[in-house]
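Here is a short briefing on one chain. Please look over the sequence and the model before reading on.

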Amino acid sequence: KMAAAAGPAAAAGLWSEVNRCGQNGDFARALKSVNKILQINKDDVTALQCKVVCLIQNGNFKEALGVINTHTKLLTSDVIAFEKAYCEYRLNRIESALKTIQSASQQTDKLKELYGQVLYRLERYDDCLAAYRDLIRNSQDEYEEERKTNLSAVVAAQSTWEKVVPEDLGLREATYELCYNSACALIGQGNLNEAMKKLQKAEELCRQSLSEDSDVTEEDIEAELAIIHGQMAYIMQLQGRTEDALQLYNQIIKLKPTDVGLLAVIANNIITINKDQNVFDSKKKVKLTNAEGVEHKLSKKQLQAIEFNKALLAMYTNQAEQCRKLSASLQSQSPEHLLPVLIQAAQLCREKQHAKAVGLLQDFADQHPANAAEIKLTMAQLKIAQGSVTKACMILRSIEELQHKPGMVSALVTMYSHEEDIDSAIEVFTQAIQWYQQYQARTNHGCCVFQPKSPVHLSLIREAANFKLKHGRKKEAISDLEELWKQNPKDVHTLAQLISAYSLVDPEKAKVLSKHLPSSDTMSLKVDVDALENSHGATYVRKKAGKLTGDNQQKEQGQGEVKKKKKKKKGKLPKNYDPKVTPDPERWLPMRERSYYRGRKKGKKKDQVGKGTQGSTTTGSSELDASRTASSPPTSPRPGSGAAVSATSNVIPPRHQKPAGAPATKKKQQQKKKKGAKGGW
């Protein structure tokens with residue numbers, strides 16, 4: 001009896017210990033007391049519930065969930081639904097957490113809060129938004145600011161990942177978290193300048209908020225600002241300021257933040273800046289994207305983008321097998337996505353397997369008709385790179401939804417013109433014009449009232465007419481020109497083209513149409529001649545008139561009334577002119593072109609120093625003839641021996657020759673040197 005009485009007394013003391021430790025936040029000691037209580041009564045539901053709470057507070061979520069699953073009969077969903085769902089949420093078992101919450105018989109405020117978090121992690125943003133609105137509407141406590149922050153985060157996620165226009169929640173952006181989320185929403189809509197201003201405001205509010213706490217150091221503030229600076233760098237990257245973005249990214253990495261999600265995003269963005277350059281740095285940065293827990297910190301689209309960049313990096317580093325493995329894995333995860341198959345095709349092209357790449361793209365286009373347009377554009381590009389322009393045109397014309405687009409029509413006409421296939425080019429124009437005619441008929445619903453054609457339709461007709469006129473298809477161009485003139489009878493340019501075309505086909509019709517041309521009086525152009533002459537591109541600029549004197553003013557007035565004829569001056573005759581002798585009829589021709597020219601007289605010596613190739617002399621051959629010099633031997637020198645040259649000869653070594661136009665002073669100095677060199681060697 002005494003032992004039995006001691007049990008309840010000991011349990012009461014232990015419960016007091018549990019209560020005191022819980023109030024002090026010492027859950028480790030509280031857990032020890034709870035375990036002692038369970039030794040006394042292992043089926044104590046309250047003790048089991050307290051044990052689960054202590055384990056959660058100590059971060060032992062797996063052990064806490066194990067206790068719940070072991071005692072399912074005692075710890076029913078009504079008793080411990082929140083704790084079970086929270087453990088599953090923290091263990092990243094998000095789907096299980098959702099089922100636990102939905103199976104609870106009573107939806108408490110705690111479960112609703114957790115429900116919002118679970119929906120956000122599952123990226124069900126519409127349901128999440130509704131859940132937080134309901135919470136804010138029906139609860140009033142000290143956590144209202146946190147709920148508003150979460151609500152703004154949901155709106156930012158919708159704007160970024162679903163491209164939904166963010167609605168104005170009417171939240172007062174008094175905290176840096178709210179400013180940051182608002183900036184993210186603006187980034188999703190492409191409003192980068194406003195987003196940067198919001199981030200700057202968020203940075204200022206963050207510094208003010210954290211500096212009020214004396215225990216917070218500058219390093220702590222910089223660590224908290226890392227995510228804000230990361231978004232600033234992302235905006236710089238989108239704006240093309242890659243050097244500034246790269247510098248800020250590297251500063252954040254040097255801080256070594258504990259958020260693995262932030263590090264992974266920054267590393268991925270640096271890899272996108274590097275592209276196929278600086279691959280060694282990219283290979284180091286890609287390790288940050290493989291950190292443990294990254295997959296639970298980022299959205300599906302962020303993780304997908306990282307995997308795409310890993311595959312591209314493998315391609316740039318010539319890791320063909322790794323590239324194929326990654327792209328195949330991505331394709332299995334998202335069969336309808338374009339990037340995996342495009343990466344595979346790019347890798348095949350790097351391996352010079354263009355035909356296989358085209359076949360791969362064709363198979364994908366057949367399996368996924370919704371994405372066939374973009375794939376076929378890539379196929380056409382590959383065909384053009386191979387020089388198969390006609391096949392590329394066939395592929396482009398198979399994209400029915402793009403056949404009528406002006407860009408597609410222009411590309412096809414250009415390519416067919418390059419191949420000199422004018423008929424096919426005209427056929428492209430005809431099909432595009434017919435499409436717009438059918439579209440207009442559908443939109444008019446059979447209405448017989450005249451409807452003006454769209455600007456794009458008229459532009460295509462005009463381009464077709466100009467193309468046909470350029471290639472001599474006058475008869476075919478006439479119908480297009482008549483259609484244009486019918487749409488705008490005041491278009492003089494179209495009328496002139498129509499008359500020009502008819503003049504070669506039906507001159508009578510051209511005469512009839514010419515009557516519609518406006519008269520010369522109505523066509524006079526109001527042009528400011530002075531402004532035109534003084535414009536930047538004018539080749540002739542009239543001199544500004546100065547102040548006229550009395551005499552000059554009278555002359556100016558007189559010139560306007562009567563134009564005086566200027567007397568022609570008599571031409572000057574040569575000094576040796578003889579009127580009795582008939583002038584030479586070939587006197588206007590150059591001397592070399594006259595019939596009686598016999599060339600220069602031989603033996604006439606001229607100083608031609610400085611002419612000819614480098615190292616050669618233009619002196620007469622007689623001067624170089626050693627047999628005519630007094631000091632030369634009668635026979636030629638032996639092979640290999642040097643012929644002696646007299647110092648008194650006029651031959652000047654090539655390096656000492658001077659050009660003909662050298663100054664006179666230098667010539668005099670040279671002559672003096674020659675006169676003093678009579679002694680010989």
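E123 sits in the loop that links α7 (109-121) to α8 (125-138). The model is predicted. The chain's secondary structure amounts to 32 helices and 0 strands. The points below start with loop residues and end with a helix pair.

**Loop residues with positive phi**
- E123 is not a glycine, yet its phi is positive, at about 60°.
- E123 is partly exposed, because its relative accessible area is 22% and the partly exposed class runs from 20% to 50%.
- K275 is another non-glycine residue with a positive phi, here about 55°.
- The loop between α14 (260-274) and α15 (279-285) holds K275.
- K275 counts as exposed, because its relative accessibility is 53% and the exposed class begins over 50%.

**Chain as a whole**
- The chain has 681 residues, and 32% of them count as buried.
- Take the contacts between residues at least 6 apart in sequence: 48% of these join residues at least 24 apart.

**E177 and S152**
- E177 belongs to helix α10, which covers residues 176-188.
- E177 is partly exposed, as its relative accessible area is 32%.
- In sequence, E177 and S152 are 25 residues apart. In space, their C-alpha atoms are 9.0 Å apart.

**Annotated repeat**
- An unreviewed UniProt entry lists residues 226-259 as "repeat: TPR".
- Residues 226-259 are 76% helix and 0% strand.
- The C-alpha atoms at the two ends of this span lie 10 Å apart.

**Helix pair α27 and α28**
- Helix α27 covers residues 492-505, and helix α28 covers residues 507-514.
- Their axes come within 6 Å and cross at roughly 155°.
- The crossing angle makes α27 roughly antiparallel to α28, because angles over 145 degrees fall in that class.
- The crossing of α27 past α28 is left-handed.
- On the α27 side, the contact is made by L495, L498, I499, Y502, S503 and V505.
- On the α28 side, P507, K509, A510, L513 and S514 take part.
- Sorted by class, the contact of α27 with α28 has 8 nonpolar, 2 polar and 1 charged residues.

Note on methods
Residues numbered from 1 in each chain as written. Predicted model: local features only at pLDDT ≥ 70, side-chain atom pairs only at ≥ 80, totals over all residues. Heavy atoms only, no water. Axes fitted to C-alpha atoms, helices over the stretch in contact; angles between N-to-C directions. Helix = DSSP H or I, 4+ residues; strand = E, 2+ residues; numbered from the N terminus. Parallel < 35°, antiparallel > 145°, perpendicular 65-115°, else oblique. Left-handed = near helix turned anticlockwise from the far one by under 90°. Contact = heavy atoms within 4.5 Å. Nonpolar A, V, L, I, M, F, W, Y, C, P; charged D, E, K, R; others polar. UniProt positions renumbered as here; feature names shortened; annotations may be inferred. Buried < 20%, exposed > 50% of the residue type's maximum accessible area, 1.4 Å probe, protein only.
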